Amino acid sequence: MELELRHLRTLCVIAEAGSLGRAAATLGHSQAAVSTQLGRLERHFGQRLFERGPDGVEPTPYGAVVLAQAREVLLGAERIGRPAAGTGGGTLRLAATNTPILPGLARRICALLPELRLSVSSVYASSDIVEQLERGEIDAGLAVDYPGRELAHSELIEHRGIVTEPGFVALPADHRLRHRTEVSLAELGGEAWFLTPDDGAGWPGVFHTACRSAGFAPAVLHEFLGDQLQLQRMIAEGLGVSVVQATIQPIPGVIVKPLCGTPLWARYLLAWRRDAQAGVPAETLYRAAADAYRELIARAAHFQSWVARTYTSP
């Protein structure tokens, strides 16, 4: 096989995720596909790159060397043809949709690139983020799309998926289904739902499609566009339920459950202009975003439990 950058990225994601199952979820591929890819790479290098165990995978000593070199190559590839950020710094204009990845990403950018000025804007619709990138109004963006409804953009823009995660549901703590490990979407057909408006990427269409597949149309919809804390407070008061991000931190009075069969998925992605003025390598931004997401997972016990049940083999 001929070694390509995508192969190196796969190795890095496996190392960062710590298991083939979690790497598959991050890459948006099946676990079998990731396992097959790793096998081909190990045959190419002629040595095992990871040790498999009941708790996941760990790089072998040889694998650790390959990973270090892979990261250098990926970072170098991102810098080709781009001006380096000078010591005087520049401004990175970053737009982000409603994602908990943003705070951790911003903190890491400021720590990694202290000479850089970071300008952050909140943009709800991912389609608007793409348009702002196309017009050159921003340099990079955190956006969302959905399997089968990937965001379209011109050749001026590049993007890379950060993670493809399942949609969970937030319920009042005293809900009749509170003792379930997972909740069937069909069993929530009679609930009032809090629903955010059109995000230009496929939501709430994917939600309504999932409801139709479950045999119902929501009878009561509360259109909501506000902060997550306010949403959770209304759920805690018993005013409705909501699809939420898998890494959400529930407040007292709210519980978060996976949906049976995971009928809803969303992909968070990093998009950037090829000619971004700040000259910051996209690999640096991507690694900061991936690290921020792993930090969220570490604080989300309900998500960790779902991953352990869903991806039982390393």
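What follows is a short conversation about pockets, cavities, core packing and some local backbone features in a predicted model.

Student: Let's start with open space. How much lies in the largest pocket, and which residues are closest to its centre?
Tutor: In this predicted model, the largest pocket holds about 770 Å³ of space. Its lining is made up of 34 residues, and the closest to the centre are Leu27, His29, Arg160, Gly161 and Arg267.

Student: Which elements give two or more residues to that lining?
Tutor: Four helices do so, namely H1 (5-17), H2 (20-27), H3 (31-45) and H4 (61-79), together with the strands S6 (157-172) and S11 (265-273). Divided by class, the residues of this lining are 14 nonpolar, 10 polar and 10 charged.

Student: And what volume does the second largest pocket have?
Tutor: The volume of the second largest pocket is about 260 Å³. It is lined by 19 residues, and those nearest its centre are Ala17, Thr26, Tyr293, Arg294 and Ile297. Two or more lining residues come from each of H1, H2, S6, helix H9 (282-299) and helix H10 (301-310), with H9 providing the largest share, 6 residues.

Student: What about the classes there?
Tutor: The lining of the second largest pocket has 13 nonpolar, 2 polar and 4 charged residues.

Student: Now the closed spaces: how many cavities of 30 Å³ or more are there?
Tutor: The count is 3, and the largest cavity contains about 460 Å³ of space. Of the 25 residues that line this largest cavity, Thr196, Trp203, Val243, Gln245 and Tyr268 lie nearest its centre.

Student: Which element gives the most to that lining?
Tutor: Strand S9 (241-245) does, with 4 residues. The other elements that give two or more residues are S6, S7, helix H8 (228-236) and S11. By class, the lining of the largest cavity has 16 nonpolar, 7 polar and 2 charged residues.

Student: Switching to packing, which residues touch the most other members of the largest nonpolar core?
Tutor: Those are Ile101 and Trp193, in a core of 97 residues, and the largest share of this core, 9 residues, comes from H9. Leaving aside neighbours within four places in sequence, Ile101 is in contact with Leu142, Ile162, Tyr268, Ala289, Ala292, Tyr293 and Leu296.

Student: Is His302 buried or exposed?
Tutor: His302, which lies in helix H10, has a relative accessible area of 15%, and it counts as buried because the cut-off is under 20%.

Student: So what does its side chain meet?
Tutor: A polar atom of the His302 side chain lies 2.8 Å from the backbone oxygen of Ala246. Not counting residues up to four places away in sequence, His302 touches Phe168, Ala246, Thr247, Ile248, Pro250 and Val256.

Student: Last topic, the backbone. Where is there a cis peptide bond?
Tutor: A cis peptide bond joins Trp203 and Pro204, with omega at about 5°. Pro204 lies in the loop between strand S7 (192-195) and helix H7 (205-213).

Student: And which residue has a positive phi although it is not a glycine?
Tutor: That is Thr262, with a phi of about 40°, found in the loop between strand S10 (254-258) and S11. Most residues other than glycine have a negative phi, and most peptide bonds are trans.

Student: Is Thr262 buried or exposed?
Tutor: Thr262 is buried, with a relative accessible area of 17%.

Definitions and conventions
Residues numbered from 1 in each chain as written. Predicted model: local features only at pLDDT ≥ 70, side-chain atom pairs only at ≥ 80, totals over all residues. Heavy atoms only, no water. 1 Å grid on protein atoms, 1.4 Å probe; cavity = no way out; pocket = protein on both sides within 12 Å on 5 of 7 lines; lining within 4 Å. Points joined across faces, edges and corners; volume = space filled by probe spheres on them. Nonpolar A, V, L, I, M, F, W, Y, C, P; charged D, E, K, R; others polar. Core = buried A, V, L, I, M, F, W, Y, C linked by side-chain atoms within 4.5 Å. Buried < 20%, exposed > 50% of the residue type's maximum accessible area, 1.4 Å probe, protein only. Contact = heavy atoms within 4.5 Å. Polar contact = N/O pair within 3.5 Å; in protein donor to acceptor, adjacent residues only side chain to side chain.
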